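This briefing goes through one molecular structure, topic by topic. Keep the sequence and the 3D view open while reading.

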Amino acid sequence: MKRCIFSLALALVALVASAQIKKPELMVIPSDVWCINNGYYTEVENLGTIVKVPNYKQALQENMGLKLAIAKLNDLMAERGFPLKSMEQELKNLEQRRMEDNLTTSKAGNDLAESPLDEVARTAKCDIILELSWDVKDMGPKHSLSYILEGRDAYTSKSIGAASGTGAPSFTADVDVLLEEAIVANMDNFNNRLQAHFEEMQTIGREISLDIKVFANNEAGIDLETEFGDDELIDVINNWLQLNTVQGRFSMPYASENVANFTQVRIPVYDERGRAIDANGFAKSLAKVLKKEPYNIPSKVMVKGLGRAVIILGEK
Amino acid sequence: MKKILFSLLAFVLCLPASAGLRQKQANRDTDQFRYEIECAGNAIQGTYLVKVWSYSKKASVAENQCRKNAVHGVIFKGYGGGQGCVSQRPMASNPGAETQFEEYFKSFFADGGEFQKYASIMSGTTETVKVGKEYKVGVVVSVRKDDLRKALEAAGVIRGLNSGF
């Protein structure tokens with residue numbers, strides 16, 4: 001009897017723990033315009049055009065104002081229960097992991113298995129990007145600071161909200177003081193928008209993007225126009241999304257026989273068993289349906305974070 | 001002599017009653033948003049600096065009411081910006097919060113209520129203007145908004161940024 005009660009209590013605790021929505025990770029990065037204006041960029045030739053690419057590492061190592069701004073933002077977000085992911089630390093960890101992976105070998109002398117895609121995926125990642133920029137304007141002896149903080153969903157690229165403004169002109173205060181003032185004064189407005197975004201997510205589901213692709217010359221011999229009864233495979237997927245998204249909310253801006261892109265897909269934050277799900281879990285549910293009769297389509301689900309998933313059909 | 005004594009006694013008895021009536025009127029004015037709130041400059045972290053204009057037939061009642069109005073304004077009204085000041089939205093994003101949590105706010109804004117913990121008057125900032133038969137009194141008030149938010153979150157009036165996660 002005691003064991004039964006204990007197991008029941010454990011199951012209840014597990015259910016409560018799992019009933020929390022997956023918490024997005026937030027990271028502050030300096031905006032492209034700030035990096036370029038302050039000389040923190042590298043020039044890269046891309047198809048004959050010179051492109052300026054922000055050099056975040058250099059900016060974080062050399063600009064004290066940026067470090068101060070990130071520290072202040074982190075302080076204010078931690079106060080609201082949302083500590084930020086540190087970009088500087090993330091870049092250091094990546095280097096460390098890369099170094100460790102390069103030096104890791106088995107006793108037989110084999111290196112770690114890594115596909116080129118794994119290599120590309122090894123970048124600093126987060127779910128919501130907080131893009132920060134500021135500029136100091138001089139008006140005679142006075143100077144004032146213009147400040148922009150914009151939140152963007154890393155998967156859907158949608159703006160979550162922004163806080164911006166120009167502070168009162170000052171004769172004496174230095175840039176760091178003006179920057180700190182601007183951050184403190186604007187943070188509540190930014191957090192209001194962030195909260196509205198989270199509340200919307202909890203009401204009408206998490207917005208994700210889902211890409212369906214097909215392996216060329218796959219063993220299953222299928223593409224998105226393969227027919228199952230009266231429906232093509234793309235219709236089967238559409239019907240499944242219609243039933244499994246919140247209020248049937250999704251759009252398909254592009255589809256061909258090989259690729260279908262679904263955007264603004266509103267997925268429930270919990271599955272039918274009350275467990276928190278993200279884009280990966282949602283994509284796996286679809287892949288499981290396609291794997292069964294009458295479709296029998298093997299697929300590969302690629303994890304891209306909380307808000308983006310890719311299913312490649314035809315093979316594992 | 002008796003008549004004089006009686007009049008004096010009646011006058012003394014009426015004094016607190018009339019002060020109480022004025023206070024009640026001032027409270028009703030707050031309920032009806034009869035006050036003005038504006039930004040008074042950049043404040044230190046965790047606080048808002050606001051200037052509140054309150055109305056009463058007695059200047060001292062209006063001045064006292066400013067603290068209550070400042071907290072009320074930060075929760076339900078928000079304020080505009082300009083001249084280097086940043087505008088702020090009301091802390092309670094739900095417009096029906098005051099009615100929904102009527103009992104809570106009744107005791108919160110009662111005379112000597114919890115609101116006092118979150119507002120302090122900046123000394124030497126009082127401005128008094130006579131408008132018709134009453135006074136319009138402006139005072140700069142520092143509102144401890146971070147502590148206020150935490151109290152409202154704990155009471156379930158507003159949701160925390162990380163609630164649900």
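Into which domains is chain A divided? Chain A of this predicted model has a domain 1, made of 21–85 + 126–202, and a domain 2, made of 205–313. The points below cover the two domains, the contact with chain B, and a pair of helices in chain A.

**The two domains of chain A**

- Between the C-alpha centres of domain 1 of chain A and domain 2 of chain A there are 35 Å.
- Where these domains touch, domain 1 of chain A supplies 10 residues and domain 2 of chain A supplies 13 residues.
- On the side of domain 1 of chain A that touches domain 2 of chain A, five residues are nonpolar, two are polar and three are charged.

**Chain A against chain B**

- Chain A uses 22 residues in its contact with chain B, which uses 14 residues.
- Helix α7 (residues 175–204) of chain A gives the largest share of chain A's side, with 12 residues.
- By class, chain A's side of this contact holds seven nonpolar, 10 polar and five charged residues.

**Helices α4 and α7 of chain A**

- Two packed helices are described by the angle between their axes and the distance between the axes.
- For helix α4 (residues 64–79) of chain A and α7(A), the angle is about 25° and the axes are 10 Å apart.
- Angles under 35 degrees count as roughly parallel, so α4(A) is roughly parallel to α7(A).
- The crossing of α4(A) with α7(A) is right-handed.
- Residues in this contact include L68(A), L73(A) and L76(A) from α4(A), and L179(A), I183(A) and M187(A) from α7(A).
- Eight residues of the contact between α4(A) and α7(A) are nonpolar, one is polar and three are charged.

Note on methods. Residues are numbered from 1 along each chain as its sequence is written. Chains are lettered from A and ligands numbered from 1 in the order in which they are written. This is a predicted model: local features need pLDDT of at least 70, side-chain atom pairs count only at pLDDT 80 or more; totals for chains, interfaces and linings use all residues. Domain bounds come from an automatic or database domain assignment. Two residues are in contact if their C-beta atoms, placed from the backbone, lie within 7 Å. Ala, Val, Leu, Ile, Met, Phe, Trp, Tyr, Cys and Pro count as nonpolar, Asp, Glu, Lys and Arg as charged, and the others, Gly among them, as polar. Helices (H or I, at least four residues) and strands (E, at least two) are DSSP runs, numbered from the N terminus. Axes are lines fitted to C-alpha atoms, for helices over the stretch in contact, and angles run from 0 to 180 degrees between N-to-C directions. Angles under 35 degrees count as roughly parallel, over 145 as roughly antiparallel, 65 to 115 as roughly perpendicular and the rest as oblique. A crossing is left-handed if the near helix is turned anticlockwise from the far one by less than a right angle, and right-handed if clockwise.
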